[in-house]
Amino acid sequence: MAWEAVIGLECHVQLRTRTKMFCGCPVAYGSEPNTNVCPVCLGLPGALPRTNAAALAFALRLGVALGCTIRAESVFARKNYFYPDMPKNYQITQYERTLCEGGALPLAREGGGRAIALTRIHCEEDAGKSFHPERQGDRRWSRVDLNRAGVPLLELVTEPVLRSPAECAAFLTELRRLVRWLGVSDGDMEKGQLRCDANVSLRPTGSTTLGTKTELKNLNSIKGVERGVAAEIARQTALLDAGERVRQATLLYDADHERLAVMRMKEHAHDYRYFPDPDLPVLRVSEAQRAEATAASPELPWAREARYRDALELPAYDAAVLTESRDLGDYYEACVPPGEPKLASNWVMTEVMRVLKTRDWSVAEWAARVPAPRLRELLARVAARELPGPVAKQVFAWFLEQDGSVAELLERHGVRVAGGDEELLPIVRAVLDENPGPVAQVLAGRDATFGFLVGQAMKKSGGQAVPQVLQRLLREELAARTPRP
Amino acid sequence: MSGPAPWRLSAREVAAAVRDGSLSPGDAADAGFAGPGARFEGEVHALLASDASARKAAAARVPRDGVLAGVPVLLKDNLCTVDHPTTCGSRILEGWRSPYDATVVRRLREAGAVVVGKGNMDEFAMGSSTEWSAFGPTRNPYDPSRVPGGSSGGPAAAVAYGLVPVALGSDTGGSVRQPAAFCGVYGLKPTYGRLSRYGLVAFGSSLDQVGVFARHVGDVAEVYRAVAGSDPFDASMLEGPAPDVSGWAAGVRGLRFGWPANLWREGVDGAIVAALERAASWLERAGATRVPFEFLPGAFAVAAYYLLATAEASSNLARFDGVRYGLRMRSDELATLYTRTRGAGFGPEVRRRILLGTYALSAGYHDAFYLKAQRARTRIAHEYAAAFARCDWMLMPVTPSLPFRLGEKTADPLAMYLSDVFTIGANLAGIPGLSVPMGLEASGLPVSVQLVGPADAEPVLLRAARALEAEGDERNIPPGHEKEFAWPGKR
């Protein structure tokens with residue numbers, strides 16, 4: 001039988017707020033263990049949570065971008081279970097009335113172009129980190145670092161509408177781009193800033209009922225999600241093909257060994273005893289706040305990508321690369337000379353991105369060195385056929401090390417560009433006069449010889465002419481010498 | 001200085017004496033220990049901790065111009081303090097020291113008060129007799145064979161016997177008002193959201209409120225003023241400033257008090273009924289009008305209360321697990337570490353309530369118990385609101401009975417729970433209640449009445465209490481039963 005996969009993702013996005021979700025402790029990486037803590041995030045007796053307004057603003061920003069319904073009143077709830085890295089032994093989260101409901105994330109054309117429907121987005125607090133067990137002499141120790149405890153998270157849950165591992169990867173890639181675009185998260189999966197669990201089930205192709213699902217945890221890279229889901233689909237297919245049934249379970253994906261391990265069967269499911277957290281008031285989002293979040297919403301990455309393709313007529317590949325980050329897209333747009341989107345795209349995608357890569361710079365670091373107007377001036381002169389390619393590349397290299405406009409740099413380095421027709425026309429005429437043989441051949445239709453004439457003219461200009469200009473002048477002069485029929 | 005011994009002074013008198021330099025904060029703080037404390041504490045056991053050097057250090061730092069300059073206060077042991085341990089009367093927190101002061105404690109210190117120690121309580125504030133303290137019961141200073149009430153029994157008894165003029169407790173279902181009644185002192189449970197809960201170790205978060213004990217109405221007002229008001233560290237507080245109680249002595253002329261006599265038609269001790277009649281006639285004499293009506297604040301209030309309070313408690317007390325602080329029973333295995341620590345650290349009443357609350361929230365029972373109790377709570381709040389459309393406050397009993405004997409109710413949890421019937425309404429509705437001593441009844445036990453008002457009615461409740469206090473100064477101590485050590489004195 002042919003099986004169809006039904007996949008739902010549950011993603012956790014760590015927000016890049018300055019402070020934690022319910023206290024004033026800094027959100028930071030790499031601090032000494034248990035230093036970014038206070039009575040609240042340590043869960044000390046008597047301590048109470050207070051909501052971080054910045055985290056809510058971030059949540060709203062994401063909710064608006066994804067077209068979610070924003071609840072005017074949502075409720076924080078306690079999810080009760082014991083774990084040593086969760087100081088209160090309950091997590092403050094949202095359960096029945098969550099901040100955002102519905103909405104969808106549109107996948108890029110490469111990802112299949114579908115819009116993936118969302119169930120909800122809600123705010124919650126992160127747990128700390130456990131390290132265990134470690135041997136010390138004859139004893140085994142577990143250690144807990146609570147620096148991460150209380151860091152704000154958004155949980156985003158999709159409907160069970162994804163159909164393939166590749167689509168899962170495309171979803172996460174798009175989500176990562178979006179959260180970075182909106183500035184709500186750094187979205188680094190390796191640092192745990194973006195985490196993902198997957199619910200996977202199979203059903204006969206064409207069926208509309210749902211099969212028994214399993215939950216995959218520990219998918220800590222986009223590749224990991226793709227491979228983990230693929231492995232689980234393969235495992236379930238084998239079971240079903242053999243006439244066995246899939247049993248509800250939670251599985252861990254081991255990325256190093258590319259295999260799945262059963263963490264627990266669903267018979268031991270938790271009863272989390274959710275109830276509204278009496279320490280926190282109902283979370284109210286006013287109409288004004290909603291309107292403000294909507295008004296402040298930037299052009300979204302998929303919309304901009306479409307605009308680059310459709311309005312700027314960039315190839316799909318260029319549009320995708322240039323909208324990988326908002327900084328890059330903004331920079332690109334700021335250095336497009338009038339009517340030359342493709343020229344700017346070429347330069348940003350090759351020259352600029354090469355520097356970013358080799359120097360490991362962010363777009364912001366690059367832009368601090370070479371502000372967009374500077375690059376735009378250079379590109380405008382290239383577009384106007386005023387600079388030969390090698391000279392333009394040289395100027396670009398000088399940009400990195402030196403200040404000054406294009407003209408100033410050329411001047412400083414004694415580079416003369418023979419640009420104007422008045423300057424080049426005498427050279428062109430002299431070349432034609434000195435090479436009657438090749439001229440005759442070209443006029444007789446042997447176009448291959450045209451290159452020879454261009455080379456001669458370039459040589460005569462001392463390499464300072466723009467080839468396109470030389471070519472145009474040569475063609476014009478040759479046309480003038482063509483015997484009239 | 002001449003005049004009464006310092007331990008007999010009201011908080012306002014202590015502060016005035018400290019401000020004018022006639023009394024040093026150190027002497028003020030030591031007064032209760034040197035006076036009756038030396039005689040009574042051994043028998044009553046109101047204190048869980050009292051660190052003389054911490055007291056001395058605190059007295060040395062007192063701002064001399066504070067409204068409570070030099071006033072010694074005792075804190076219930078569920079209010080976090082940096083200079084004394086905070087145990088909540090539980091083995092699981094034995095010796096634990098908070099790295100921070102509760103907001104109300106910080107405000108007391110800023111006003112000049114000196115924390116002289118921590119008062120005994122039922123473990124985690126769960127109980128009505130202070131018999132459930134892991135560190136031994138507190139006894140009633142009027143009769144050591146009887147309980148002082150609970151859960152704030154230690155602070156109530158200490159104020160009664162003269163260790164301190166004022167104390168703070170906490171009231172989740174009557175835990176300030178009932179011990180105040182049993183010990184013959186004033187006990188205010190303020191409107192929910194007017195006193196910060198930051199640093200009050202939670203029992204039932206939506207019901208808990210810090211409360212004030214004092215021997216004088218004016219002292220209740222002064223302490224309320226010092227500690228009330230919004231706190232950015234407590235998100236559950238009401239918006240805006242706390243009501244102004246400076247007019248506590250303004251009298252009750254022209255005000256109306258509700259008289260829901262159906263509440264005490266049966267099952268209430270005759271001495272308490274007599275005290276209610278006496279209070280009503282005094283209020284009428286002071287110019288207030290009695291408005292009789294039937295009042296049935298939800299027949300299921302006790303059931304709703306014990307479901308909601310225990311549900312919240314089951315979650316609030318989850319953090320006591322032996323991992324980060326407090327008692328730890330070692331084990332190589334996590335689940336065993338939890339179960340052994342909690343089994344050894346929590347007493348029987350706390351375990352019972354955690355089980356009850358866990359059950360009430362469990363899948364399959366959540367709707368039938370927790371949700372239904374929430375609906376009952378909403379309805380009870382509406383019933384109180386409807387009653388207050390007809391009066392400025394209601395007069396009612398604090399408890400159905402006078403102080404009971406130690407051991408009388410510990411074997412029957414339900415009987416103990418039912419004794420909260422008149423106090424839990426204010427917690428469910430989030431409204432203020434004030435326990436007012438009406439003197440001693442024939443056998444020498446204190447008898448009290450309760451004033452309950454709508455949200456933010458503290459100013460009115462204090463005015464009514466003052467009207468009763470003014471009358472009581474003349475009449476409310478039956479001859480031959482005056483306990484000079486405990487009674488406020490005729491000022």
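**Exercise 1. Strands E9 and E11 of chain B**

Find how strand E9 (residues 393–396) of chain B pairs with E11(B), and over how many bridges.

*Solution.* Before starting, keep in mind that this is a predicted model.
- Step 1: Place E9(B) beside E11(B); the two pair in the antiparallel sense, and 3 bridges link them.
- Step 2: Pick out one bridge. B:Leu395 has B:Leu451 as its bridge partner in E11(B).

**Exercise 2. The whole sheet of chain B**

Work out the order of the 11 strands in the open sheet of chain B, and find which strands stand at the edges.

*Solution.*
- Step 1: Walk across the sheet. The order is E1-E3-E2-E4-E6-E5-E10-E11-E9-E7-E8, and the pairing is mixed.
- Step 2: Look at the two ends. Strand E1 (47–49) and strand E8 (289–292) of chain B are the edge strands, each pairing on one side only.
- Step 3: Consider the twist. On average, neighbouring strands of this sheet are turned by 30 degrees against each other, direction ignored.
- Step 4: Add a helix. H6(B) packs on the sheet and touches E1, E2, E3, strand E4 (166–171), E5 and E6 of chain B. The direction of H6(B) makes about 155 degrees with that of E4(B).

**Exercise 3. A strand inside the sheet**

Take strand E5 (residues 186–189) of chain B and decide whether its faces are covered or open.

*Solution.*
- Step 1: Check one side, where B:Tyr186 and B:Leu188 are buried.
- Step 2: Check the other side, where B:Gly187 and B:Lys189 are buried too; both faces of E5(B) are covered.
- Step 3: Turn to the partners. E5(B) runs antiparallel to strand E6 (residues 209–214) of chain B, joined by 3 bridges. E5(B) also pairs in the antiparallel sense with strand E10 (residues 433–440) of chain B, again over 3 bridges.
- Step 4: Follow B:Gly187 to both partners. B:Gly187 stands opposite B:Phe213 in E6(B) and opposite B:Ser435 in E10(B).

**Exercise 4. Loops of chain B**

Locate B:His84 and explain why this residue counts as buried.

*Solution.*
- Step 1: Find B:His84 in the loop between strand E2 (72–76) and helix H5 (103–110) of chain B.
- Step 2: Count neighbours. The cut-off for a buried residue is 20 or more other C-beta atoms within 10 Å; B:His84 has 24, so it is buried.
- Step 3: List contacts beyond four places in sequence. These are B:Ala49, B:Asp51, B:Ala54, B:Val115, B:Gly117 and B:Lys118.
- Step 4: Compare sequence and space for one pair. B:His84 and B:Val116 are 32 residues apart in sequence, and their C-alpha atoms are 9.1 Å apart.

Now find the cis peptide bond between B:Gly150 and B:Ser151.

*Solution.* Omega is about 10 degrees for this bond. B:Ser151 lies in the loop between strand E3 (114–119) and helix H6 (153–161) of chain B.

**Exercise 5. Two positive phi values**

Find where A:Asn89 and B:Asp456 lie, and state whether each is buried or partly exposed.

*Solution.*
- Step 1: A:Asn89 sits in the loop between E4 and E5 of chain A. Its phi is near 60 degrees, a positive value in a residue other than glycine.
- Step 2: A:Asn89 counts as buried because 21 C-beta neighbours lie inside 10 Å.
- Step 3: B:Asp456 is in the loop between strand E11 (446–452) and helix H16 (458–475) of chain B. Its phi, near 65 degrees, is positive as well, in a residue other than glycine.
- Step 4: B:Asp456 has 17 other C-beta atoms within 10 Å, so it is partly exposed.

**Exercise 6. Chain A**

Describe how helix H15 (residues 448–460) and helix H16 (residues 467–481) of chain A cross.

*Solution.*
- Step 1: The axes come within 10 Å and cross at roughly 120 degrees. That angle makes H15(A) oblique to H16(A).
- Step 2: The crossing of H15(A) and H16(A) is right-handed.
- Step 3: A:Leu453, A:Val454, A:Ala457 and A:Met458 of H15(A) meet A:Pro467, A:Leu470, A:Gln471 and A:Leu474 of H16(A). By type, the residues of this contact are 7 nonpolar, 1 polar and no charged.

**Exercise 7. Where the chains meet**

Find how many residues of chain B are in contact with chain A.

*Solution.*
- Step 1: 34 residues of chain B touch 25 residues of chain A.
- Step 2: H10(B) gives the most to this side of chain B, with 3 residues.
- Step 3: The residues of this side divide into 19 nonpolar, 9 polar and 6 charged.

Notes
Residues are numbered from 1 along each chain as its sequence is written. Chains are lettered from A and ligands numbered from 1 in the order in which they are written. This is a predicted model: local features need pLDDT of at least 70, side-chain atom pairs count only at pLDDT 80 or more; totals for chains, interfaces and linings use all residues. Two residues are in contact if their C-beta atoms, placed from the backbone, lie within 7 Å. Helices (H or I, at least four residues) and strands (E, at least two) are DSSP runs, numbered from the N terminus. Ala, Val, Leu, Ile, Met, Phe, Trp, Tyr, Cys and Pro count as nonpolar, Asp, Glu, Lys and Arg as charged, and the others, Gly among them, as polar. Axes are lines fitted to C-alpha atoms, for helices over the stretch in contact, and angles run from 0 to 180 degrees between N-to-C directions. Angles under 35 degrees count as roughly parallel, over 145 as roughly antiparallel, 65 to 115 as roughly perpendicular and the rest as oblique. A crossing is left-handed if the near helix is turned anticlockwise from the far one by less than a right angle, and right-handed if clockwise. A residue is buried if 20 or more other C-beta atoms lie within 10 Å of its own, exposed if 12 or fewer, and partly exposed in between; C-beta atoms are placed from the backbone. Two strands pair if DSSP finds at least two bridges between them.
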